[in-house]
Amino acid sequence: MKIKILKSSIQLENDSVLLLPFDNKRNEELKNIIFDKEIWEFMGISVSNEQGLKNYIAKTIKDKNNRLIYPFLVIDKATNKIAGCTRYSNVDSANKKGEIGWTWYGTEFQGTGLNKACKFELLQFGFETIGFKRIQFSADQDNLKAQKAIENLGAKKEGVLRNNYVASNGKSRNEVYYSILKDEWKSLKDEIFPEFIEY
C-alpha cells in the first residue's frame, strides 16, 4: 500500500468536481456556506460563527499535519465555488483499509450529483493508487439522507455500532457502517460510475 502518498499534495478532479488539499488558502471561502445549522445536526460538532470556523480550520489542518486525516476542499467546477469538505481518515496501513467521511456540503450543493462525483474520485484514488483493500463509510443512525447517499455508491451495509460517537449536544449516538472492498470496485465502477470513466 502506498501510504506515503498521503504525505504529498493530492489534487483530484473530473468534469464536475475539484478536490484540493484542505490547507489551500481557499478554505477561507467556507464562510459562505458553513454557518448552516442543518449541516451539523449529525456531525458531532457545530460551526456557527467566525471563531468556530477558525477553530474548525485550525483543527483540521492540525489533524492533517499529525497524519490522522487527509482532508479536501470540495469545489463545484460549474460555479468554481467551495461546495464543502470531505476526508480520508482511520487509515490502517497494516490492514490496508481506510474511511471516507466527515463529508458535508453547503445547502445549494446538496442533491446535485456533486457527492457522487466526489466519492468516485476518492474511491478510485483509494483503491487504485493508495492501495486500500477496504474503504468504509459511516452515518448517524437517524441520518437517513446520508445513509441513502452511501447506499447509492454501492456500499454494503454492515451493521450498527452503538454509542459510537458523542454529538455536539453531549449525547452518545449510534452509527451505521458500510464498506466497499477492492474486489468489488471494478464492477461497481462500471455499474455505478460509468459517466466518470475515461476510456
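## Elements and overall form

Strands, such as the one that holds Trp102 in this chain, are DSSP runs of E with at least two residues, and they are numbered from the N terminus, as are the helices, which are runs of H or I with at least four residues. The structure described here is a predicted model, and on these terms its chain has four helices and eight strands. Read from the N terminus, the elements follow the order β-β-α-β-β-β-α-β-α-β-β-α. The radius of gyration of the chain is 16 Å, close to the 16 Å that the globule rule gives for 199 residues, so the chain is as compact as a globular protein of that length.

The C-alpha trace spans about 45 × 40 × 35 Å along its principal axes, and 46% of the 199 residues are buried. When contacts between residues at least 6 apart in sequence are considered, 61% of them join residues at least 24 apart. The accessible surface of the chain comes to about 10,700 Å², and carbon and sulfur atoms account for 46% of that surface.

## Charges and salt bridges

The chain carries 31 positive and 27 negative side chains, with the centres of the two sets lying 5 Å apart. Side chains of opposite charge can pair when their charged atoms come close. A search of the whole structure finds twelve salt bridges, and among them are two pairs within helices and one that involves a loop and a strand.

In helix 1 (residues 50–65), Lys59 and Asp63 are four residues apart and are therefore separated by about one helical turn; their salt bridge brings the closest N and O atoms to 2.7 Å from each other. Asp63 counts as buried because its relative accessibility is 12%, and the cut-off for a buried residue is under 20%. Helix 4 (residues 182–192) holds Lys186 and Asp190, which are likewise four residues apart and separated by about one helical turn, and the side chains of Lys186 and Asp190 meet in a salt bridge with an N to O distance of 2.7 Å. Here Lys186 is exposed, with a relative accessible area of 56%, whereas Asp190 is partly exposed at 36% relative accessibility.

The side chains of Asp142 and Arg173 form a salt bridge at 2.8 Å, N to O. Because Asp142 lies in the loop between strand 6 (134–140) and helix 3 (144–151) while Arg173 lies in strand 8 (residues 172–181), this pair ties together parts that are 31 residues apart in sequence. Asp142 is partly exposed at 49% relative accessibility, and Arg173 is partly exposed at 23%. Asp140 joins Asp142 and Arg173 in a network of salt bridges.

## A buried lysine without a partner

Lys119 is placed in helix 2 (residues 114–130). This lysine is buried yet has no salt bridge, and the nearest side chain of opposite charge, that of Glu99, is 11 Å away. If neighbours within four places in sequence are left aside, Lys119 is in contact with Thr86, Ile100, Thr103, Tyr105, Phe137 and Leu153.

## Two positions towards the N terminus

Leu12 is placed in strand 1 (residues 12–13) and counts as buried at 7% relative accessibility. Phe72 is 60 residues from Leu12 in sequence, while the C-alpha atoms of the two residues are 9.4 Å apart in space. Apart from neighbours within four places in sequence, Leu12 is in contact with Val17, Leu18, Leu19, Phe72, Glu121, Leu122 and Phe125.

Lys25 lies in the loop between strand 2 (17–21) and helix 1, and at 74% relative accessibility this lysine counts as exposed. Lys25 and Ile3 are 22 residues apart in sequence, and their C-alpha atoms are 25 Å apart in space.

## Positive phi in two strands

Most residues other than glycine have a negative phi. Trp102, which is found in strand 5 (residues 97–105), has a phi near 50°, a positive value in a residue other than glycine. At 38% relative accessibility, Trp102 counts as partly exposed.

Asn163 is found in strand 7 (residues 156–166), and Asn163 has a positive phi of about 45° although it is not a glycine. With a relative accessible area of 55%, Asn163 is exposed.

Terms used
Residues numbered from 1 in each chain as written. Predicted model: local features only at pLDDT ≥ 70, side-chain atom pairs only at ≥ 80, totals over all residues. Heavy atoms only, no water. Rg over C-alpha atoms; globule rule 2.2 N^0.38 Å. Buried < 20%, exposed > 50% of the residue type's maximum accessible area, 1.4 Å probe, protein only. Contact = heavy atoms within 4.5 Å. Areas by Shrake-Rupley, 256 points an atom, 1.4 Å probe, with all protein chains shown as cover. Lys, Arg positive; Asp, Glu negative; His and termini not counted. Charge placed at Lys NZ, Arg CZ, Asp CG, Glu CD. Salt bridge = Lys/Arg side-chain N within 4 Å of Asp/Glu carboxyl O.
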